[in-house]
Amino acid sequence: ADPTAKKPARPEASSGYHLPGGDIKTVGAGAGYLRMPKRKKCPRIYFGTRTHKQVAQIVRELKKTAYSGVRMTILASREHTCIHPTISKSFNKNQDCQDLMDRRKGGGCRFQANVKQKMASHHSVRAYIGSDQAWDLEELVKAGKKVKACPYYATRELKNSAQIILCPYNYLVEPRIRKSMEIFLKNQIVILDEAHNIEDSAREAASGKFKLDDVTAALQDCERMVEHDILPGVHGGLAAFLSRLGTWMQKSAEDAKDYSDFNSSTKVWT
């Protein structure tokens with residue numbers, strides 16, 4: 001064989017990457033950047049139950065599964081999570097906590113101030129609880145007392161990175177609670193335990209309860225607004241409506257029929 005003979009040219013190695021779908025994006029000199037598929041955001045799971053007690057049952061069952069280490073949180077009211085020595089014993093914990101958080105009134109809560117530093121991540125919460133598995137509300141409250149950090153605001157911080165969020169129905173049904181807790185259900189997964197109870201929760205969320213004393217107090221407030229010439233047309237119309245409503249409530253209460261249910265009997269108006 002002639003050593004000087006020119007050898008056939010080998011095909012040049014491809015400098016391209018094969019992407020899903022058969023697309024090829026070259027990365028040689030002058031070529032654009034590698035276009036990778038966009039990573040889809042994983043939806044969160046909202047698991048709704050009828051009561052806080054049932055949330056604890058769900059946590060116990062979650063601990064038995066292969067997903068016991070999932071990032072989770074439990075949304076609960078201040079009634080179940082407040083650890084402030086004074087507010088936790090008050091009759092209206094929500095209002096008293098809000099007053100305490102108002103810098104003009106209470107000057108802030110030291111337990112809430114510690115949340116960002118001590119209980120804002122799932123890793124730190126698990127470390128304080130002493131377990132890498134799912135936890136229940138009692139364990140979180142105990143850990144909050146230990147490190148002097150508010151469990152109520154901790155659950156809200158953990159919600160931002162949680163994969164599953166456990167909560168009673170009303171957190172998912174009532175628009176005001178969803179807004180205050182920044183719960184957005186679009187493109188998320190919602191699971192309802194004992195879903196046949198959701199109708200009662202939805203009906204209650206869309207209903208209001210008012211006593212005759214409440215209507216009377218509102219009527220008097222509107223009349224005072226009219227006396228001080230503050231939007232007299234608006235407050236005058238409201239006062240007239242409240243007066244008719246109060247009269248109707250009083251008459252209906254007096255004419256309520258007897259209602260008997262098994263061994264109990266009472267007069268009701270609805």
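The lining of the second largest pocket in this predicted model is a mixed bag by class, with three nonpolar, two polar and three charged residues. The residues involved are Glu174, Pro175, Arg176, Ile177, Ser180, Glu204, Ala205 and Ser207. Two helices, α10 and α11 (198-205), each put at least two residues into this lining, and α10 has the largest share of it, with four residues. The space enclosed comes to about 300 Å³.

The largest pocket has a volume of about 410 Å³. Its lining runs to 19 residues, and those nearest the centre are Ser77, Arg78, Asn94, Tyr152 and Tyr171. Sorted by class, the lining of the largest pocket splits into eight nonpolar, seven polar and four charged residues. Several helices chip in here: α2 (78-81), α3 (93-101), α8 (151-159), α9 (170-173) and α10 (175-180) each provide at least two lining residues. Helix α10 thus turns up in the walls of the largest pocket and of the second largest one.

Turning from pockets to closed space, the search picks up one cavity of 30 Å³ or more. The volume of the largest cavity is about 100 Å³. It is lined by 13 residues, with Cys82, His84, Cys97, Cys109 and Cys150 closest to its centre. The class make-up of this lining is 10 nonpolar, two polar and one charged. Helices α3, α4 (110-113) and α8 each hand over at least two residues to the cavity wall. Two of these helices, α3 and α8, also contribute to the lining of the largest pocket.

With those cysteines around the cavity centre, disulfides are an obvious thing to look for, yet a search of the whole structure turns up zero. For cysteine 109, the closest cysteine sulfur belongs to cysteine 150 and sits 6.0 Å away, so the pair is too far apart for a bond. Cysteine 109 counts as buried because its relative accessibility is 11%, under the 20% cut-off. Cysteine 222 is buried as well, at a relative accessible area of 8%.

Glycine 69 makes for a different sort of site. This residue lies in the loop that links α1 (52-63) to β4 (72-74). With a relative accessibility of 37%, glycine 69 is classed as partly exposed, a label that covers values between 20% and 50%. Once neighbours within four places in sequence are set aside, the contacts of glycine 69 are with Arg126 and Asp132. Serine 131 is 62 residues away from glycine 69 in sequence, but the two C-alpha atoms are 9.2 Å apart in space.

As for the chain overall, the protein has 13 helices and eight strands. Of its 270 residues, 30% are buried. The exposed surface adds up to about 19400 Å², with carbon and sulfur atoms accounting for 53% of that area. Among contacts with a sequence separation of 6 or more, 62% join residues that are 24 or more positions apart.

Notes. Residues are numbered from 1 along each chain as its sequence is written. This is a predicted model: local features need pLDDT of at least 70, side-chain atom pairs count only at pLDDT 80 or more; totals for chains, interfaces and linings use all residues. Side-chain values use heavy atoms; hydrogens and water are left out. Buried means under 20% relative accessible area, exposed over 50%, partly exposed in between (1.4 Å probe, protein chains only). Contact means heavy atoms within 4.5 Å. Accessible areas come from the Shrake-Rupley method with a 1.4 Å probe; for residues, only the protein chains shown count as cover. On a 1 Å grid over the protein atoms alone, a cavity is a set of points where a 1.4 Å probe fits but cannot get out, and a pocket is an open set with protein on both sides within 12 Å along at least five of seven lines; lining residues have an atom within 4 Å of a point. Grid points are joined across faces, edges and corners, and a volume is the space filled by probe spheres set on the points. Ala, Val, Leu, Ile, Met, Phe, Trp, Tyr, Cys and Pro count as nonpolar, Asp, Glu, Lys and Arg as charged, and the others, Gly among them, as polar. A disulfide is a pair of cysteine sulfur atoms within 2.5 Å.
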